[in-house]
Amino acid sequence: GRMEKSNPELISKVTDILFIKLLWDTIPKLNDRSTVFDLIENKISILLSNPHHQKNIDALNILDPKSGAILELNKDISYEFSKNYQFRFPEKDIQALILNKFPRIDYRSTNIILNYLADMFFDGSASIAEKQTYIYHHRRYQEYFFAKKLKDEYEKDQKVLRSTRALSNQEFFDQLFLPFLRSEYEKENNLCRL
């Protein structure tokens with residue numbers, strides 16, 4: 001009731017089971033300016049701080065803050081695959097991204113990080129020739145991480161919007177990325193970018 005009056009735009013975008021669940025899980029942290037990306041961001045924050053997962057993240061062979069490193073890794077994974085409209089990720093490609101992101105770790109640590117990602121964010125399935133592949137629990141998670149990385153890359157070079165074909169994906173660009181940018185720049189009080 002309160003959110004319907006204070007933020008009808010957000011409520012109008014809660015159209016699927018994921019967003020209904022995210023709204024339910026994160027409603028105390030929302031306000032009249034919250035967006036669908038705030039739903040996802042709050043949910044990811046809750047997941048990373050969950051005591052059930054905390055012992056698993058502490059065991060990862062990466063530098064502190066580990067949750068920040070996991071978020072950055074998700075941004076890289078999503079960015080690499082979203083550029084090519086790829087939503088199913090081969091295990092070996094994710095392993096290569098992990099090794100590239102953390103070049104000092106060994107194969108065992110790489111697999112532990114991948115298992116942590118799979119537990120938190122991915123659904124796994126066997127595909128052609130019994131090779132393991134992964135997909136985000138919901139495409140909105142992939143879009144969220146892609147938008148975060150795309151913002152970083154856009155601020156370095158605006159041509160990235162063309163090279164990643166983000167402009168040609170009208171639904172993503174108009175309904176998700178532009179509102180996300182606006183929200184982020186308002187939070188940062190970045191009038192030039194806004």
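Visitor: At roughly what angle do the axes of helix 7 and helix 8 cross?
Guide: This is a predicted model. Helix 7 covers residues 91–101. Its axis and that of helix 8 come within 10 Å, and they cross at roughly 115°.

Visitor: Are helix 7 and helix 8 roughly parallel or roughly perpendicular to each other?
Guide: Angles from 65 to 115 degrees count as roughly perpendicular. The crossing is at roughly 115°. Helix 7 and helix 8 are therefore roughly perpendicular.

Visitor: Is the crossing of helix 7 and helix 8 left-handed or right-handed?
Guide: The angle alone, roughly 115°, leaves the hand to be stated. Helix 7 passes helix 8 in a crossing that is right-handed.

Visitor: Which residues of helix 7 and helix 8 make the contact?
Guide: Helix 7 supplies E91, I94, Q95, I98 and L99. By class, the contact has seven nonpolar, three polar and one charged residues. On the helix 8 side stand Y107, T110, N111, I113, L114 and L117.

Visitor: Are helix 5 and helix 8 roughly parallel or roughly antiparallel?
Guide: Helix 5 spans residues 51–58, and helix 8 spans residues 107–120. They pack at about 165°, with axes 10 Å apart. Angles over 145 degrees count as roughly antiparallel. Helix 5 and helix 8 are therefore roughly antiparallel.

Visitor: Which residues of helix 8 does helix 5 meet?
Guide: Helix 5 passes helix 8 in a left-handed crossing. From helix 5 come H53, N56 and I57. The contact has three nonpolar, two polar and one charged residues. The helix 8 partners are Y116, D119 and M120.

Visitor: How many aromatic pairs does the structure hold?
Guide: Rings pair if their centres lie within 6.5 Å. By that cut-off the structure holds 14.

Visitor: Is the pair of Y79 and F146 stacked or tilted?
Guide: The ring centres are 5.9 Å apart, and the planes are at 35°. Planes under 30 degrees apart count as stacked, and over 60 as edge-to-face. The angle of 35° falls in neither class, so the pair is tilted.

Visitor: How many residues apart are Y79 and F146?
Guide: Y79 lies in helix 6, residues 66–82. F146 lies in helix 9, residues 139–156. The pair links distant parts of the chain, 67 residues apart.

Visitor: Is F146 buried or exposed?
Guide: Under 20% relative accessible area counts as buried. Y79 has 7% and is buried. F146 has 6%, so F146 is buried.

Visitor: Which residues form one aromatic cluster?
Guide: The cluster draws on both Phe and Tyr rings. Its members are F37, F81, F89, F121, F122, Y134, Y136, Y144, F145 and F180.

Conventions. Residues are numbered from 1 along each chain as its sequence is written. This is a predicted model: local features need pLDDT of at least 70, side-chain atom pairs count only at pLDDT 80 or more; totals for chains, interfaces and linings use all residues. Side-chain values use heavy atoms; hydrogens and water are left out. Axes are lines fitted to C-alpha atoms, for helices over the stretch in contact, and angles run from 0 to 180 degrees between N-to-C directions. Helices (H or I, at least four residues) and strands (E, at least two) are DSSP runs, numbered from the N terminus. Angles under 35 degrees count as roughly parallel, over 145 as roughly antiparallel, 65 to 115 as roughly perpendicular and the rest as oblique. A crossing is left-handed if the near helix is turned anticlockwise from the far one by less than a right angle, and right-handed if clockwise. Contact means heavy atoms within 4.5 Å. Ala, Val, Leu, Ile, Met, Phe, Trp, Tyr, Cys and Pro count as nonpolar, Asp, Glu, Lys and Arg as charged, and the others, Gly among them, as polar. Rings of Phe, Tyr and Trp (its six-membered ring) pair if their centres lie within 6.5 Å; planes under 30 degrees apart count as stacked, over 60 as edge-to-face and the rest as tilted. Buried means under 20% relative accessible area, exposed over 50%, partly exposed in between (1.4 Å probe, protein chains only).
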